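I pulled up this model and kept notes while I clicked through it. Here is the notebook, in the order I looked things up.

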Amino acid sequence: MSKSNPISRHVWSPLRQSLMKFSEPHKLLLLSLVVGILSGLAAVFLKTMIGIIQRGLNSVLGGWQNWILYLVMPGVGMFLAMLFCKYIIKDNIGHGVTKALVAVSKNESRIKPHNMWSSIVASSITIGFGGSVGAEAPIVYTGAAIGSNFARYMGLSYRSMTILLGCGAAAAVAGIFKAPLAGVLFVLEILLFNISMTSMMPLLIATVSATVISYIFLGDSTPFECTLTPFALKNIPFYIILGLFCGACSIYFIRMTLFMEDKIGKDKNPYRKWAICAVCLGILIFLFPPLYGEGYGSLGALLNGKEISIEGQTPLAFMTNNQWSVPIFFLLILILKVFSMTFTNAGGGVGGTFGPTLFVGAIAGFFVARVINLLLAGTSMTVPEQNFVLVGMAGLMAGVMQAPMTAIFLIAEISGGYELFLPLIITATIAFGTTRLGETYSIYTKRIAHDGALLTHDSDQAVLTLMKVQDVIETDFSPVEIDDTLGQLVNVVSESKRNIFPVLDSKKRFQGYVSLSDIRKDMFRYEHYNDYHVYNYMKTAPEYVYEDDKMDAVMKKFEVSDAWNLPVVKHDRTYLGFVSKSNIFSAYRNELKVVSQD
């Protein structure tokens, strides 16, 4: 076992030894229980730490000193998180869900050991001090890291390691929301590209165990307590409108988030970037207090149909002299949440987009309902605003995350709003479809899809994504130099088992190749051994395969060139080896067995 393995051999060796006598499927079931319990405890610990920090700051800086709480403290939390990541763990741990996806597709489902705890520390500081991000993505990455490292320690295969990684992520979602079914669906829709029905058992064990842990330590209350009104068929057209609005908001959310991250990311000075982001974030939160922290606390009045007023809550209270001031105020929050979230993450904080997605969805639902009620004032038609708040959460989640099933069942589970299944389905489906018209990928997958590293539910594409050029390169070819004589070439041929000979220059750069069939007619004409040279027989390659090419790009090069073998080179054309169709097909079949097995 590697010295760097995170799990102490002295503590866990008895567990490992006792499990070694079991078959891999049985080990997977037992470990899914362990991972589920630990991920549930991690979720409880994160929520507890965020609460402790927030209550402590509120007790010291509450009341007349709220301006310090809003203007200064979020920046302080970002700075502490940045120092923690830069000098203690020396790693970038933001965007946890995306990093878990990349680990599955590019790193054999291996996640660094420190991620079993570092995301909890950094995100609890960030959110506890008021950073405008969510705790869900960090805890998903934590759970995934727990599953990955346990599987690695127990010597499980790539497929089992991937499933256990998914168990940790699913358990984290289940633990933080007390929603076991939503945890399973989250993994199936977002995280794992291909999973058989026989692999469902570990996921269910992990999510149920994490949910039980959450109930034991956090009580039996639902994460979002709400007062709902019975669903009325006459409101279906309004839920359709909400779905369309959530789809438009989802496209805005995805594009603006990635645009802002790219713009701010161009500044390579972390301290200057922190200072700019801290100032901008502090001003936004000071003017719009619901942007403080996760923002869930400000949703209570919306979810229970209470009277909404901004008087005394913000310096912008002068807007309260008009009935449209409240929806306009919340529309501004909807628009600016993307900015506050991006400033938090780009400035050094650690948090996710999961929570902000739910928050913006709730605001979108309230805005649509309040506008409808104002427009229909004086008629018998009104819509229940609290129902729209809840359904809006599902709508935006379905669009931003491109996961409608997860959205529907998560909102139903975390609110107890099962009587709203029909509007949840209508709004989530329309929001998902509307978003797909403008964005093919979710906020988690857009960047890695453009890099060619996204696994999908298409087994063929998944296999090509998992395969790497390094896995299929052949290096047992005997190179010759371009100025070698025919006699020297024949000597190399006599000692080689291959029928292709790469031609290199003095700096080992690939120039072309010679095939055995091209020199066969002159091999025994000894009188020409010093007259003919390699360059007389050399052919140029129809295509080059670069060491960092994606496998689908390699297959296109084979298709275009109609070649059977292609050289692999660095970008300066330094020779590395050859790849052949036959070797790729063989590796493809082996990988497909792993991906598709039960």
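The entries below go from the whole chain down to single residues.

**Ground rules.** I'm working with a predicted model, so I took local features only at pLDDT of at least 70 and side-chain atom pairs only at pLDDT 80 or more, while totals for chains, interfaces and linings use all residues. Residues are numbered from 1 along each chain as its sequence is written, and side-chain values use heavy atoms, with hydrogens and water left out.

**Whole chain.** I counted 25 helices and six strands. For the record, helices (H or I, at least four residues) and strands (E, at least two) are DSSP runs, numbered from the N terminus. Of the 598 residues, 56% count as buried. My cut-offs are under 20% relative accessible area for buried, over 50% for exposed and partly exposed in between, with a 1.4 Å probe and protein chains only. I get about 25200 Å² of exposed area for the chain, 60% of it supplied by carbon and sulfur atoms. Areas are Shrake-Rupley with a 1.4 Å probe, and for residues only the protein chains shown count as cover. I also looked at contacts, meaning heavy atoms within 4.5 Å. Among those between residues at least 6 apart in sequence, 76% join residues at least 24 apart.

**Helix H6.** How many of the eleven residues of H6 are buried? I find ten in this helix (residues 118-128), so H6 is largely enclosed by the rest of the structure. The buried set includes Ser118, Ile120, Ala122, Ile125 and Gly128. I checked what they pack against: H2, helix H4 (73-89), helix H7 (136-153) and helix H14 (325-346). Just after H6, I noted Gly130 with a positive phi of about 110 degrees.

**Helix H10, two faces.** Thr207 sits in H10, and I class Thr207 as buried because its relative accessibility is 0%. Leaving out residues up to four places away in sequence, Thr207 touches Ala170, Ala171, Ala174, Pro180, Gly183 and Val184. Ile216 is in H10 too, but Ile216 counts as exposed, at 59% relative accessibility.

Ile216 belongs to a nonpolar surface patch of about 600 Å², together with Leu33, Ile37, Leu41, Val208, Val212 and Phe217. Helix H2 (24-61) and helix H10 (200-218) are the elements giving two or more residues to this patch. The largest share, four residues, comes from H10. My patch rule takes residues with over 30% relative accessible area and no salt bridge, joining like charges within 9 Å and nonpolar side chains (Val, Leu, Ile, Met, Phe, Trp, Tyr) within 5 Å. As a reminder to myself, an α-helix has 3.6 residues a turn, so residues three or four places apart point the same way.

**Salt bridges.** I required a side-chain nitrogen of Lys or Arg within 4 Å of a carboxyl oxygen of Asp or Glu, and the count comes to nine.

- Glu385 pairs with Arg370, with the closest N and O atoms 2.7 Å apart. Glu385 is in helix H16 (residues 385-400) and Arg370 in helix H15 (residues 354-375), 15 residues apart. Both Glu385 and Arg370 are buried.
- Asp476 pairs with Arg498, the closest N and O atoms again 2.7 Å apart. The two are 22 residues apart, Asp476 in the loop between helix H21 (469-472) and strand S1 (480-481), Arg498 in the loop between helix H22 (486-494) and strand S2 (500-504). Asp476 is partly exposed at 48%, and Arg498 is partly exposed at 21%.
- Lys557 and Asp549 meet at 2.7 Å, N to O. Lys557 counts as buried at 15% relative accessibility, and Asp549 is buried at 18%.
- Arg255, Glu439 and Lys446 are joined into one network by salt bridges that share partners.

**The sheet.** I traced an open sheet of three strands in the order S4-S5-S6, with mixed pairing. Strands pair here if DSSP finds at least two bridges between them. Which strands stand at the edges? They are S4 (545-546) and S6 (575-580), each with a single partner strand, so one side of each has no neighbour in the sheet. S5 (residues 565-569) and S6 run antiparallel, joined by five bridges. One bridge I looked up pairs Val568 with Gly577 in S6.

Helix H24 (residues 551-561) lies across S4, S5 and S6, at about 135 degrees to S5. For that angle, axes are lines fitted to C-alpha atoms, for helices over the stretch in contact, and angles run from 0 to 180 degrees between N-to-C directions.
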